[in-house]
Amino acid sequence: MYEGQFPHKRYKNTYQFLERHISKSEILLDLGITNPFTEIMTKNGYKVENTSGEDLDLDTSTIENSNATVVTAFEIFEHLLSPLTVLKSIKADKLVASIPMRLWFSPAYRSKTDKWDRHYHEFEDWQFDWLLEKAGWKVIDRQKWTNPTKKIGIRPILRWFTPRYYIVYAERIK
């Protein structure tokens, strides 16, 4: 059904998780600028709005003023200094969010050429769940998956069986 549609394993897994929990009649606010995954969601019938590239640590007005019924955040929270502030500012009652997990055998990601493409946080699953709970969310479903590479070495071998990505579907606690 999805063969050839996704350039990355994480896109396929993310889309299947999203499709399992979110109806295409919902309006989604996707945190972050329009990206290849936004195009996949739109192409498959989701109504998606994106934030505009503003620094969400300092300006949550787009989130606060959105009428979306679902917020998605795919590999966004690790880039924020204060993900708690962003999570608390969401008005929608549903959240689908994924993060790259902290790997004990690899340092936090830091681009040498892009000052924004860095991970301030790399969570373990329980830490992300706790953050969501503190922000007023209840995790309803979760999934992890690996990100194997075809490189040679100890770390590439570990990536074959150590989960790298974690995704949750959460609902606002009333």
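Two aromatic rings of Phe, Tyr or Trp count as a pair if their centres lie within 6.5 Å. Keep that in mind as you work through this predicted model.

**Exercise 1: Ring pairs**

Find out how many aromatic pairs the structure holds, and which residues ring pairs link into a cluster.

*Solution.* Start with the count: there are eight aromatic pairs in the structure. Now pick one, Y11 with F37. Their ring centres are 5.5 Å apart and the planes meet at 50°. Planes under 30 degrees apart would be stacked and over 60 edge-to-face, so anything else is tilted. That makes the Y11–F37 pair tilted, because its angle is 50°. Next, check where the partners sit: Y11 belongs to helix α1 and F37 to helix α2, so this pair links distant parts of the chain, 26 residues apart. Y11 and F37 are both buried.

Try F123 and F128 in the same style. With centres 5.4 Å apart and planes at 55°, this pair is tilted too. Both of these residues are buried. Finally, the cluster: ring pairs join F77, F123, F128 and Y166.

**Exercise 2: Helix α1**

Work out what span helix α1 should have, and what its buried residues pack against.

*Solution.* Helix α1 covers residues 9-21, which is 13 residues. At 1.5 Å a residue, the span should be 18 Å. The C-alpha atoms at the two ends are 19 Å apart, so the model agrees with the expectation.

Now list the buried residues of α1: Y11, N13, T14, Y15, F17 and L18. Here's a handy rule: an α-helix has 3.6 residues a turn, so residues three or four places apart point the same way. As for packing partners, the buried residues of α1 pack against helix α2 (36-43) and several strands: β1 (27-30), β3 (70-74), β4 (94-100), β5 (137-145) and β6 (165-172).

**Exercise 3: Two threonines**

Decide whether T60 and T38 are buried or exposed, then find what each one touches.

*Solution.* Take T60 to begin with. You'll find T60 in the loop between β2 (47-50) and α3 (61-64). The cut-off for buried is under 20% relative accessible area. T60 has 11%, so T60 counts as buried. Its side chain makes a polar contact of 2.5 Å with the side chain of E64. Not counting residues up to four places away in sequence, T60 touches V86 and S89.

Over to T38, which lies in helix α2. Its relative accessibility is 4%, so T38 counts as buried. Leaving aside neighbours within four places in sequence, T38 is in contact with D30, I33, V48 and N50. One last distance: T38 and E49 are 11 residues apart in sequence, and their C-alpha atoms are 8.7 Å apart in space.

Methods:
Residues are numbered from 1 along each chain as its sequence is written. This is a predicted model: local features need pLDDT of at least 70, side-chain atom pairs count only at pLDDT 80 or more; totals for chains, interfaces and linings use all residues. Side-chain values use heavy atoms; hydrogens and water are left out. Helices (H or I, at least four residues) and strands (E, at least two) are DSSP runs, numbered from the N terminus. The expected span of a helix is 1.5 Å times one less than its number of residues. Buried means under 20% relative accessible area, exposed over 50%, partly exposed in between (1.4 Å probe, protein chains only). Contact means heavy atoms within 4.5 Å. Rings of Phe, Tyr and Trp (its six-membered ring) pair if their centres lie within 6.5 Å; planes under 30 degrees apart count as stacked, over 60 as edge-to-face and the rest as tilted. A polar contact is a pair of N or O atoms within 3.5 Å; within protein, one must be able to donate a hydrogen and the other to accept it, and residues adjacent in sequence count only if both atoms are side-chain atoms.
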